[in-house]
Amino acid sequence: MGETVYIGFGSNEGDRLDYCDRAVTLLGLLPHSQLIAVSSLYETEPVADERTDPGSGLFLNGVVGVETEIAPRSLLAICLEVERALGRDREECQGPRTLDLDILLYGSRIIHEDDLTVPHPRLHLRRFVLVPLVELDPSCVHPELGATVKELLDRLPPSPAVRRLDPQPGSRYGSRPTCNIPPAAT
Ligand code: ADP
Ligand code: MG
């Protein structure tokens with residue numbers, strides 16, 4: 001059924017754990033889709049670049065794997081709707097964020113449209129995306145760069161640190177423990 005899509009989630013404002021839990025729960029309810037994997041939660045220093053000033057709050061990040069028949073543009077619209085529903089203020093889209101959802105990979109598709117780029121254009125530069133992605137599927141290949149996500153992670157410098165929360169917090173909505181898969185041996 002469908003293609004395997006990886007979606008990254010992150011929050012650095014308000015009740016971060018609750019935002020992440022709600023996002024995973026909603027992504028688990030998508031029609032014509034099945035949630036197949038949910039990574040551990042990781043805490044990450046915010047990274048400012050030329051586009052963003054995310055404030056000083058630590059991020060909670062993770063990645064979900066979804067098998068879906070929803071087309072990429074429709075999936076993007078759903079992600080933006082979930083961000084909006086969970087309170088992200090698009091007027092301040094480069095500031096602190098209650099919830100950020102990014103389509104990281106959509107099978108092996110390569111998409112370059114005005115408002116949708118897949119693989120996500122900064123996927124290979126972000127430890128906080130690659131670490132949970134490697135946890136779910138280290139052999140997953142970036143179709144444009146021709147490297148596995150594990151290889152991409154190994155190319156990055158060790159900082160900023162991405163720390164797996166230990167112990168992993170419980171999920172208020174039951175969205176994580178049932179889907180969590182053990183870290184792959186690397
Ligand atoms: P980032 O998550 O890279 O820090 P933003 O979340 O602020 O950036 O960017 C949001 C915009 O990025 C959305 O309005 C969307 O149209 C666009 N976009 C392009 N490609 C993607 C993608 N693969 N996943 C999510 N948003 C994307
Ligand atoms: Mg985003």
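Asp166 is exposed in this predicted model. The C-beta atom of Asp166 has 7 others within 10 Å, and a residue counts as exposed at 12 or fewer. Asp166 belongs to the segment after S10. Its C-alpha atom is 9.0 Å from that of Leu41, although 125 residues separate the two along the chain.

His32 is a second exposed residue, with 10 other C-beta atoms within 10 Å. His32 sits in the loop that links helix H1 (16–27) to strand S2 (33–38). The backbone of His32 has a positive phi, near 55°, and the residue is not a glycine.

The protein comprises four helices and ten strands. Their order along the sequence is β-α-β-β-β-α-β-β-β-α-β-β-α-β. Of its 186 residues, 38% are buried. Contacts across the sequence are prominent in the count. Among contacts with a separation of 6 or more, 73% involve residues 24 or more positions apart.

Strand S4 (59–68) pairs with several other strands, including S1, S2 and S3. Strand S1 (3–11) runs antiparallel to S4 and is joined to it by nine bridges. In that pairing, Gly8 faces Val63 of S4. S2 is also antiparallel to S4, with five bridges between them. Here Leu35 lies opposite Val66 of S4. Strand S3 (residues 42–44) is likewise antiparallel to S4 and is joined to it by three bridges. Tyr42 stands opposite Asn61 of S4. S4 itself is mostly covered, with nine of its ten residues buried.H1 has twelve residues, and its length fits a helix. At 1.5 Å a residue, H1 should span 16 Å. The C-alpha atoms at its ends are 17 Å apart, which agrees. The buried residues of H1 are Arg16, Tyr19, Cys20, Asp21, Arg22, Ala23, Val24 and Leu27. These buried residues pack against S1, S2, S4, H2 and S5.

Helix H3 (127–136) is mostly covered. Ten of its ten residues are buried. The buried set runs through Arg127, Phe128, Val129, Leu130, Val131, Pro132, Leu133, Val134, Glu135 and Leu136. Arg127 and Glu135 are thus charged residues among the buried ones.

In soluble globular proteins, nonpolar side chains tend to be buried together. The largest nonpolar core in the model holds 42 residues. Ile7, Ala23, Val64, Ile103, Leu104 and Leu133 have the most contacts inside this core. The elements that supply two or more residues to the core are S1, H1, S2, S4, H2, S5, H3 and H4. H3 gives the most, with seven residues.

Leu104 shows how distant parts of the chain meet in contact with one residue. Beyond its neighbours within four places in sequence, Leu104 contacts Tyr6, Ile7, Gly8, Val63, Pro119, His120, Leu123, Val129 and Leu133. Of these, Gly8 and Val63 stand opposite each other in the pairing with S4. Val129 and Leu133 are among the buried residues of H3.

Ligand 1 has 13 residues around it. Asp102, Ile103, Asp115, Thr117 and His120 come nearest. Helix H2 (72–85), strand S5 (100–106) and strand S7 (116–118) each supply at least two residues of this shell. By type, the shell divides into six nonpolar, three polar and four charged residues. Two of the residues named above recur here. Ile103 is one of the residues with the most contacts inside the core, and His120 is in contact with Leu104.

Two cis peptide bonds were found, and in each a proline follows the bond. One joins Val118 and Pro119, with omega about -5°. Pro119 is located in the loop between S7 and H3, and Pro119 is also in contact with Leu104. The other joins Ser159 and Pro160, with omega about 0°. Pro160 lies in the loop between helix H4 (149–154) and strand S10 (162–164).

Definitions and conventions:
Residues are numbered from 1 along each chain as its sequence is written. Chains are lettered from A and ligands numbered from 1 in the order in which they are written. This is a predicted model: local features need pLDDT of at least 70, side-chain atom pairs count only at pLDDT 80 or more; totals for chains, interfaces and linings use all residues. A residue is near a molecule or strand if its C-beta atom, placed from the backbone, lies within 6 Å of it. A residue is buried if 20 or more other C-beta atoms lie within 10 Å of its own, exposed if 12 or fewer, and partly exposed in between; C-beta atoms are placed from the backbone. A nonpolar core is a set of buried Ala, Val, Leu, Ile, Met, Phe, Trp, Tyr and Cys residues joined through C-beta atoms within 7 Å. Two residues are in contact if their C-beta atoms, placed from the backbone, lie within 7 Å. Two strands pair if DSSP finds at least two bridges between them. The expected span of a helix is 1.5 Å times one less than its number of residues.
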